[in-house]
Amino acid sequence: MLPPNPARGEVVVTLAGAPRRLCLTLGALARIEAALDLSDWSQLPDRIATLSAANLFAVLAALLEGGGEAPEIAARATVPEAASALAVALAACG
């Protein structure tokens with residue numbers, strides 16, 4: 001795997017026992033908006049703070065797909081792995 005491109009906001013995290021690339025792309029943002037049923041992006045911080053497990057894995061799947069990974073990998077991650085990966089990915093974009 002090539003090193004992540006920080007200029008794109010890419011990060012590499014371990015999920016399901018292997019390194020995986022995550023990236024918050026415009027496509028990933030659109031999938032997150034749909035998965036969380038957001039009508040306005042100002043709702044995102046509140047929604048992220050109260051994610052259900054299903055929504056956590058939906059957001060992770062979008063980030064995986066943005067990084068060029070198979071979104072199905074999200075279903076093989078544990079909840080702690082998924083939460084940690086989400087935190088790392090969002091921090092890379094800030």
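Does Asn55 count as buried or exposed, and what is its relative accessibility? In this predicted model, Asn55 comes out at 15% relative accessibility, so it counts as buried; the cut-off for that label is under 20% relative accessible area. Asn55 sits in helix α3, which covers residues 53–66. Setting aside neighbours within four places in sequence, the contacts of Asn55 are with Ala35, Leu36 and Arg47.

Zooming out to the fold, the chain has two strands and four helices. Read from the N terminus, the order is β-β-α-α-α-α, with the residue just discussed, Asn55, belonging to α3. The contact pattern can be put in terms of sequence separation: take the contacts between residues at least 6 apart in sequence, and 50% of them join residues at least 24 apart.

Then there is the overall size. The radius of gyration of the chain is 12 Å, which agrees with the value near 12 Å that a compact globule of 94 residues would have. The C-alpha trace, laid along its principal axes, spans about 35 × 30 × 20 Å. As for burial, 35% of the 94 residues count as buried, and Asn55 is one of the buried residues. The surface that the chain exposes adds up to about 5,000 Å², and 60% of that is supplied by carbon and sulfur atoms.

On the charge side, the chain carries 6 positive and 9 negative charges. Take the mean position of each set, and the two points lie 8 Å apart.

Last come the cysteines. The structure holds zero disulfides. Cys23 is in no disulfide, and the nearest cysteine sulfur to it, that of Cys93, is 6.6 Å away. Why is there no bond between Cys93 and Cys23? The sulfur of Cys93 is 6.6 Å from that of Cys23, which is too far for a bond, because a disulfide calls for a pair of cysteine sulfur atoms within 2.5 Å. As for their surroundings, Cys23 is buried, with a relative accessible area of 2%, whereas Cys93 has 39% relative accessibility and so counts as partly exposed.

Methods. Residues are numbered from 1 along each chain as its sequence is written. This is a predicted model: local features need pLDDT of at least 70, side-chain atom pairs count only at pLDDT 80 or more; totals for chains, interfaces and linings use all residues. Side-chain values use heavy atoms; hydrogens and water are left out. The radius of gyration is taken over C-alpha atoms; the globule rule is 2.2 Å times the number of residues to the power 0.38. Buried means under 20% relative accessible area, exposed over 50%, partly exposed in between (1.4 Å probe, protein chains only). Contact means heavy atoms within 4.5 Å. Accessible areas come from the Shrake-Rupley method with a 1.4 Å probe; for residues, only the protein chains shown count as cover. Lys and Arg count as positive and Asp and Glu as negative; His and the chain ends are not counted. The place of a charge is taken as NZ of Lys, CZ of Arg, CG of Asp or CD of Glu.
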